[in-house]
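Biologist: Please take a close look at one part of this model, starting from a single charged side chain. Then work outward to whatever else can be tied to that part.

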Amino acid sequence: MDLNFFKLCSGLKFLGYFMIVLVAAIIAASYYAVVVITWGPQLLQGAFKSFLSFTIIAVFHVLLILLLWCYFMVVFCDPGSVPENWKPVVEEGTSMPLSDFAVPENLASTLSSSDGMERIPAVGYCSHCENGKPPRCHHCSVCQRCVLKMDHHCVWVVNCVGARNYKFFLLFLLYTFLETTMVTLVLLPSFIKFFQEAKNHNTSPGNLAITFLAFVLNLAFSLSLLCFVIMHASLLSSNTTSIEVYEKKKAVRWKYDFGQKNNFEQVFGTSKALWFFPLFSKEDLENIPALHGLDFPTHADVEA
């Protein structure tokens, strides 16, 4: 009996559900260590300590709310699905579907004219979904479907990261990095005192264990997330997905790169008031086709 490795990959979804529980546990431990054990009791001490405690707890809650908001948006938002029987549309006076170009990948080729007219890019075909594949679209072996402008499948959110939730994913990375860094810094004094308090039995063993665990986990996540934030900031600035990195290296000029400002707006939109929230304005959804994942501007002098 032949094994279908694509179906085996779908088993990673169950790992993703465990990751959601793990995220909840880390947040709960961090909350208890920061708010209940360390800084909450200092709110009643008066003067500067009360002000500092209030500031830390307030910032902690703001970042936590933004983090959870972005997290749930990444989890529950569709990254972008290919419409059924999708075919490309080319505007030449009037739009018309090019059904002849939806062909299997092994037969897809670039069509160009000898009289110098603008070339029409070939369209891929997914044999698993039995449907056309728009530019930058890839089949996810875990989700068992094609995803528009797919970046990767993230087990932490049990979902793919694609055209329609990439902004939410980037904000989730940013706020999680800021939150874990903050927790690490505010728990650092308690971590330094950990061994002395454990020796003198000044604090309950349970509170010591939670504080120690919260500090170590947040430090580890903060350092690892820093690498991801830098990597995705670089990808964002060049309008590249994680899957396209190798393809971009072979290109003399990346066809989707229109400068850092335009690249940023293709993901975050032009409404500055919404840049830091997992939302898009109605105007951006109407005026920026890239946000829908089916159509992307390319340089006319670069092969698509």
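Modeller: Lys255 has a relative accessible area of 9%, so this residue counts as buried. The model is a predicted one. Lys255 sits in the loop between α7 (245-250) and α8. Its partner is Glu247, and the two form a salt bridge with the closest N and O atoms 3.0 Å apart. The same pair is also listed as a side-chain polar contact of 3.0 Å. The two ends of the pair differ in exposure: Glu247, at 35% relative accessibility, counts as partly exposed, whereas Lys255 is buried at 9%. In general, side chains of opposite charge can pair when their charged atoms come close.

The structure holds four salt bridges, and the pair of Glu247 and Lys255 is one of them. Another joins Glu244 to Arg136, with the closest N and O atoms 2.8 Å apart. Glu244 lies in the loop between α6 and α7, and Arg136 in the loop between β4 (131-133) and β5 (138-140), so this pair ties together parts that are 108 residues apart in sequence. Both Glu244 and Arg136 are buried.

Downstream of Lys255 comes helix α8, which spans residues 260-268. Glu265 and Lys261 meet there in a salt bridge, at 2.9 Å from N to O. They are four residues apart in α8, which means that about one helical turn separates them. Here the acid is the buried partner, since Glu265 has a relative accessible area of 15%, while Lys261 is exposed at 58%. Glu265 belongs to the buried set of α8, together with Asn263, Gln266, Val267 and Phe268. The cover over those buried residues includes α4 (166-192) and α6 (205-237). After α8 comes Gly269, with a positive phi near 85°.

Gly269 is a glycine, but two asparagines also have a positive phi. Most residues other than glycine have a negative phi. Asn239 has a positive phi of about 55°, and this residue lies in the loop between α6 and α7, where Glu244 is also found. Asn239 is buried, with a relative accessible area of 3%. Asn85 likewise has a positive phi of about 55° without being a glycine, but its place is the loop between α3 (47-76) and β1 (89-92). Asn85 is exposed, at a relative accessible area of 53%.

Not every buried charged residue has a partner. Asp151, in the loop between β6 (145-147) and β7 (152-154), is buried and has no salt bridge. The nearest side chain of opposite charge is that of Lys149, 7.5 Å away. That distance is beyond the 4 Å cut-off, so the two do not count as a salt bridge. What Asp151 does have is a side-chain polar contact of 2.9 Å with Ser242. Leaving aside residues up to four places away in sequence, Asp151 touches Val161, Gly162, Tyr166, His232, Leu235, Thr241, Ser242 and Ile243.

A pair of cysteines deserves a separate remark. The closest cysteine sulfur to that of Cys140 is in Cys160, 3.2 Å away, which is too far for a bond. A disulfide needs the sulfur atoms within 2.5 Å, and a search of the whole structure finds zero disulfides. Both cysteines count as buried: Cys140 has 2% relative accessibility, and Cys160 has a relative accessible area of 0%.

As for the setting, the protein chain has nine helices and eight strands. Of its 304 residues, 38% count as buried. Among contacts between residues at least 6 apart in sequence, 62% join residues at least 24 apart. An unreviewed UniProt entry places the feature "transmembrane region" at residues 12-39, 51-77, 168-188 and 208-231. In the model, residues 208-231 are 100% helix and 0% strand, with the end C-alpha atoms 35 Å apart. For residues 51-77 the figures are 96% helix and 0% strand, and the end C-alpha atoms lie 39 Å apart.

Technical notes
Residues numbered from 1 in each chain as written. Predicted model: local features only at pLDDT ≥ 70, side-chain atom pairs only at ≥ 80, totals over all residues. Heavy atoms only, no water. Buried < 20%, exposed > 50% of the residue type's maximum accessible area, 1.4 Å probe, protein only. Lys, Arg positive; Asp, Glu negative; His and termini not counted. Polar contact = N/O pair within 3.5 Å; in protein donor to acceptor, adjacent residues only side chain to side chain. Contact = heavy atoms within 4.5 Å. UniProt positions renumbered as here; feature names shortened; annotations may be inferred.
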